[in-house]
Amino acid sequence: MSNAVLSNQSTAGLTPAATLSEDWLAVGIGLLIFALALLGITGHDVLGWAVSTAVWTDLSAALGASAKRYAGLGGIGALVATYLALLAVLSAGAATLKIDVKRFAIAFTVVFALAYASWIAGNYAHFAAVTPAEFKKFGIGWSLRLTNEGGYIFALLAGLIVSNLFPAFANWLSAAIRPELYIKIAIVILGAFIAVTVASKLSLATSVLLRGLAAIVEAYLIYWSVVYFITRKWFDFSREWAAPLASGISICGVAAAIATGGAIRARPAVPILVSSLVVIFAVVEVLILPFIAQTYLSHEPLVAAAWIGLAVKTDGAAVAAGGITEALIMAKAAAEGVRYQPGWILGTTAAVKVFIDVFIGVWAFILAYIWTNHINVQAGGDKARASEIWLRFPKFIIGFVLTFLIGFYLASSATPETLAKITSSVGTANTFRVIFFILTFFSIGVLSNFRKLWQEGFGKLVAVYLVSLVGFVIWVGLLMSWIFFSGVKPPLAG
């Protein structure tokens, strides 16, 4: 499910108690940001000091406060204010997760600096400018046309450089490398952004959501059974390995592998190794699939969005890849004179992933029941309990649903004047969502030491993943996406 990668620091956090704690922490922080942002409806903009980054050629013009009333802070002032606020909130969160707060604060300072510097670099005009007007504004003759969200790629690459060239430094940063937490907070905030986006286009939004339900059938009934069969029959893995591999590869990455491992009472090393493998492939997919989608699916943007949601098997990487896909496709469409309303491609990817995520707990319970009652039966052994569904349920989804419902209710019943205030307030909250995305990308990179993982004997596991992903998952996902989303287009801007 989520895009956390595994290190010595993070594996300790994979116990059920720590996972639940991190989930609820993400819900709390995400709802706090959302609630504070909504005060803007009453005219009290308490988060407008958050830093935002514009496309630039003059570095001094790159940064600024999100709201004009805080313009006096200047770009550096807004950046420092944002850093201090995040440091305070996340350090308090680190304390609840029983992480050394001092170590976290020092490491987070460096993580924030490197990640946001990568974001600023990605906003350089030669990377991010898209339209002829921007070319003229900045006096440039060429651009990679990544839009500003190409900065996510820069953050990811920066993390990969740290991990693979400076492993000791990566280990020193480990206390603040919390991709699970960062992406869950971002997804909670994303709920409101999607709600306001879809409120004005309800019929299309309903179609997207209904079509997204098909992903559940595909992932749980088709993907899982085929991958489990391949793992058992072609690669001769035991059931203890096959079940977490099938869940990690076919359903939802790290959390699915961990939940499945717990459900069947696998040894702790099994889901940890599977999760590491999932993350490695997620990083590769983030770097490759969005560009394939732009090349071949730019005229079917929601097919591309659903495909990314079905093909990339971690929440963070999938949503991140969805963001990059949206930026690339919108840039290509803009160059052809077509301007899509932002948010629909990313929203479709997120919707597909969320529908899959919701049933992780149910699936874990089903597997726990089968294993404890039919496969690994022990005399007087424990039986699977219905309460395990709640224990396995990803709690941050509750936050996503709350922000979505509240945002949708407010936006769908508002007057035009109030809707403008709601949109502005949610936009402020979305500034923080972008920042948490940046932290997520950088963290994914830092925790992806390809050389070390390969040396730990990943050859056979990699073969399983490669055969399943390239030979089956990607193509079935593309077919299902085409069946359900072909011809469905995002609304045009304006």
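A contact means that heavy atoms lie within 4.5 Å, and with this definition 79% of the contacts in the chain with a separation of 6 or more are between residues 24 or more positions apart. The model is predicted, so that local features need pLDDT of at least 70 and side-chain atom pairs count only at pLDDT 80 or more, while totals for chains, interfaces and linings use all residues. Residues are numbered from 1 along each chain as its sequence is written, and side-chain values use heavy atoms, with hydrogens and water left out.

**Exercise 1. The whole chain**

Describe the confidence, the make-up and the surface of the chain.

Solution. Begin with pLDDT, the predictor's confidence in each residue, from 0 to 100: its mean over the chain is 82, and 83% of the residues reach 70 or more. Over residues 1-20, however, the pLDDT is below 50, although this stretch has 64 contacts in the model beyond near neighbours in sequence. Next, count the elements, which are DSSP runs numbered from the N terminus (helices are H or I with at least four residues, strands are E with at least two); the chain has 22 helices and two strands. Then turn to the surface, computed by the Shrake-Rupley method with a 1.4 Å probe, where for residues only the protein chains shown count as cover. The accessible surface comes to about 19,300 Å², and carbon and sulfur atoms hold 68% of this area. Finally, of the 494 residues, 59% are buried, where buried means under 20% relative accessible area, exposed means over 50%, and partly exposed lies in between (1.4 Å probe, protein chains only).

**Exercise 2. Buried or exposed?**

Decide whether Glu22, Lys98 and Asp236 are buried or exposed, and say where each one sits.

Solution. Glu22 belongs to helix α2 (residues 16-38), and because its relative accessibility is 8%, Glu22 counts as buried. Apart from neighbours within four places in sequence, Glu22 is in contact with Leu97, Arg178, Glu180, Leu181 and Lys184. Lys98 sits in the loop between α3 (74-96) and α4 (101-122), and its relative accessibility of 77% makes it exposed; although Lys98 is not a glycine, its phi is positive, at about 60 degrees. Asp236 is placed in the loop between α11 (214-234) and α12 (239-263), where a relative accessible area of 63% makes Asp236 exposed. Asp236 likewise is a residue other than glycine with a positive phi, near 60 degrees.

**Exercise 3. An enclosed helix**

Why is helix α14 (residues 301-311) described as largely enclosed by the rest of the structure?

Solution. Count the buried residues of α14: 11 of the 11 are buried, and therefore the helix is largely enclosed by the rest of the structure. Among them are Pro301, Trp307, Ile308 and Leu310. Trp307 also has a partner that is distant in sequence, for its C-alpha atom is separated by 8.5 Å from that of Leu479, 172 residues apart along the chain. Leu479 lies in helix α22 (residues 459-485) and, at 51% relative accessibility, counts as exposed.

**Exercise 4. How helices pack**

Classify the pairs α7 with α20, α3 with α20, and α4 with α7 by the angle between their axes.

Solution. The axes are lines fitted to C-alpha atoms, for helices over the stretch in contact, and the angles run from 0 to 180 degrees between N-to-C directions. Angles under 35 degrees count as roughly parallel, over 145 as roughly antiparallel, 65 to 115 as roughly perpendicular, and the rest as oblique.

- Helix α7 (residues 151-165) and helix α20 (residues 416-446) pack at about 30 degrees with their axes 6 Å apart, and are therefore roughly parallel. The residues in contact include Tyr152 and Leu156 of α7 and Phe437 and Phe441 of α20.
- The axes of α3 and α20 cross at roughly 75 degrees and come within 13 Å, so these helices are roughly perpendicular. Thr82, Leu86 and Leu90 of α3 meet Phe432, Ile435 and Phe436 of α20.
- The axes of α4 and α7 come within 7 Å and cross at roughly 135 degrees, so α4 is oblique to α7. Residues of this contact include Trp119 and Ala121 of α4 and Gly151 and Phe154 of α7.

**Exercise 5. One residue of α4**

Work out how exposed Ala121 is, and which residues Ala121 touches.

Solution. Ala121 is placed in helix α4, and because its relative accessible area is 28%, Ala121 is partly exposed. Not counting residues up to four places away in sequence, Ala121 touches Phe127 and Phe154. The C-alpha atoms of Ala121 and Gly151 are separated by 6.7 Å, although these residues are 30 residues apart along the chain.
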